[in-house]
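Student: I have a chain open on my screen and should like to go through it with you. Could we begin with how its helices pack?

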Amino acid sequence: MAPRPKYTPGSFTKNFAWAGTGFLRLHSVIRAGYSSTLSPVTREKWRADSGIKDSSLELIPINFFLHNKSGNMSVDELVFQAISRPHNIDFDRLSLFAFHLTQVGTPPQQGPQRPARWANEFAKEVLWKNDSWQSAALVHSTLDNFISQTMNASEDVRVKCRNNYRYFFELAGYLPTSGETINTGQEGWITPAIYLAWDRFVLDGAPKEKDTLLKYVDDEELYKLIGTSKAEFDEIAKVVVSLYLDAGATDRFASSTPAIAAPVSVKKVVTPTPATPPSAASWIDEEGSDEAVGRSLGSKLLQKRSRKIASQLRLHYKHRCMFCGTRLQIGDQRFYAEAAHIKPLGSPHDGPDKTGNILILCPNHHLQFDRGVIRLEMSGQDLKITSSVPGDALNGKLIKPKHALDDTCVKWHFDWFSDNRKPA
Ligand SMILES: [Zn+2]
């Protein structure tokens, strides 16, 4: 096999702790560099206004996270997010995605001259597997091995690259982790990420055309950079491509863009995106903007998928409580059971949205489980129930689940409600 092309490290060789502020620093230099407007600026003006003038670590925002072309800093979804939204974890995750997109330098800069391309390849070849990101990919030895195969650099430089790269995952809240796979929390940033990828594709000259845009995300395997399945990604991309084009693609940032009608399927009153971005103190109304509608559609599709998983699992258990075997009848041939997430979805716990994190329970036991009155431990293939209710017959009972449970979630729940934590 021919050796793969090696990349240069670029300014990624520098350590950039960003004074401990992480992606918040990126958020604020974007705002400063563009003077809180959604207009392209020259590279020189951007550097002067952003306060970044040194030759050391601070070029990283330009070189690795932002799009610039012919001496101009472009406006894209990442810039839009920084200027029109407060800093939050979804911005950090979108920034990591932007880094993985590797639009470095003046397009069309290709091949090994694009320093961060190794990270894009790493994400697709090593980090993503079986529809999710694998924690083991981010251990030092795995990363070092990949970087030494893909980068022309001395060992100390490679170590810096590895450390900086891992640091991004810490900043985005993905490390440290005890789980085997990483829940990327994609419902919070998948639509902006797709918009961002298309923005850059269009900025580099691609036509604003549905099939071209969909083919691009397919060819680039963006689902891997998002840490999800191709099917789930495609389902969302298929919907948001129309929203993206209806919004004017990259023209949506231009102040002359007329008000955009809401997609007919969305039954809510939609106010137009403000022609000029808000000042630092007045964020766009999340509920009202067209952008927000597009984004919430992405998360609604994920919720739909989540409900589907839960309903299939209920059927699998024929609506019987896994703890007590109760099957609540609520009509002729109609039964009721609840799907309980062992580790809660969403912030702050970010439990995985998969069957291994779900129990099928009667309402009573669901309530007791959620309050930590009942806890579980894996005992070989069985689950051992511990109940803190005096005299509870379930205490010490062993049950045999009929689906594979994620033991890191089970352990998380057990630990969360142990020791100094008291049931609420
Ligand atoms: Zn029960």
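Tutor: Certainly. This is a predicted model. Helix 4 (residues 77-84) packs against helix 9 (residues 190-203), with the axes 8 Å apart and at an angle of about 130 degrees.

Student: What does that angle make helix 4 relative to helix 9?

Tutor: It makes helix 4 oblique to helix 9. The angle of about 130 degrees falls outside the range of 65 to 115 for roughly perpendicular and is not over 145, the bound for roughly antiparallel, so the pair counts as oblique.

Student: Which residues meet there?

Tutor: From helix 4, Glu77, Leu78 and Gln81 take part; their partners in helix 9 are Pro192, Tyr195, Leu196 and Asp199.

Student: And how do the residues of this contact divide by character?

Tutor: Four are nonpolar, one is polar and two are charged.

Student: Let us turn to the interior. How many residues has the largest nonpolar core?

Tutor: The largest nonpolar core has 77 residues. Those with the most contacts inside it are Val79, Phe97, Ala193, Ile194, Ala197 and Trp198. Helix 9 supplies the largest share of this core, 10 residues.

Student: Where does this core lie with respect to the domains?

Tutor: It lies between domain 1 (10-182) and domain 2 (187-276 + 286-302), because both give residues to it.

Student: What does alanine 193 touch?

Tutor: Setting aside residues up to four places away in sequence, alanine 193 touches Leu94, Phe97 and Ile226. There is also a second, separate core of 19 residues, which includes Ile358, Ile360, Leu376 and Leu383.

Student: Why might nonpolar side chains gather like this?

Tutor: In soluble globular proteins, such side chains tend to be buried together.

Student: I keep returning to leucine 213. Where is it placed, and is it buried or exposed?

Tutor: Leucine 213 is in helix 10 (residues 210-219). It has 23 C-beta neighbours inside 10 Å and therefore counts as buried.

Student: What is leucine 213 in contact with?

Tutor: Beyond its neighbours within four places in sequence, leucine 213 is in contact with Trp198 and Val241. Trp198 is one of the residues with the most contacts inside the largest nonpolar core.

Student: How far apart are leucine 213 and leucine 245?

Tutor: In sequence they are 32 residues apart; in space the C-alpha to C-alpha distance is 9.7 Å.

Student: Now the backbone. Which residues does the cis peptide bond join?

Tutor: It joins leucine 175 and proline 176, with omega about -5 degrees. Proline 176 is located in the loop between helix 8 (155-171) and strand 6 (181-182).

Student: What about phi of alanine 249?

Tutor: Alanine 249 is not a glycine, yet its phi is positive, about 50 degrees. It lies in the loop between helix 12 (230-246) and helix 13 (290-316). With 21 C-beta neighbours inside 10 Å, alanine 249 counts as buried.

Student: And histidine 319: what is its phi, and where is it found?

Tutor: Phi of histidine 319 is also positive, near 60 degrees. The residue is found in the loop between helix 13 and strand 7 (328-331). Histidine 319 has 19 C-beta neighbours inside 10 Å, so it counts as partly exposed; the cut-off for buried is 20 or more.

Student: Finally, the chain as a whole. How many helices and strands are there?

Tutor: There are 15 helices and 13 strands. Of the 424 residues, 39% are buried. Among contacts between residues at least 6 apart in sequence, 64% join residues at least 24 apart.

Methods. Residues are numbered from 1 along each chain as its sequence is written. This is a predicted model: local features need pLDDT of at least 70, side-chain atom pairs count only at pLDDT 80 or more; totals for chains, interfaces and linings use all residues. Helices (H or I, at least four residues) and strands (E, at least two) are DSSP runs, numbered from the N terminus. A residue is buried if 20 or more other C-beta atoms lie within 10 Å of its own, exposed if 12 or fewer, and partly exposed in between; C-beta atoms are placed from the backbone. Two residues are in contact if their C-beta atoms, placed from the backbone, lie within 7 Å. Axes are lines fitted to C-alpha atoms, for helices over the stretch in contact, and angles run from 0 to 180 degrees between N-to-C directions. Angles under 35 degrees count as roughly parallel, over 145 as roughly antiparallel, 65 to 115 as roughly perpendicular and the rest as oblique. Ala, Val, Leu, Ile, Met, Phe, Trp, Tyr, Cys and Pro count as nonpolar, Asp, Glu, Lys and Arg as charged, and the others, Gly among them, as polar. A nonpolar core is a set of buried Ala, Val, Leu, Ile, Met, Phe, Trp, Tyr and Cys residues joined through C-beta atoms within 7 Å. Domain bounds come from an automatic or database domain assignment.
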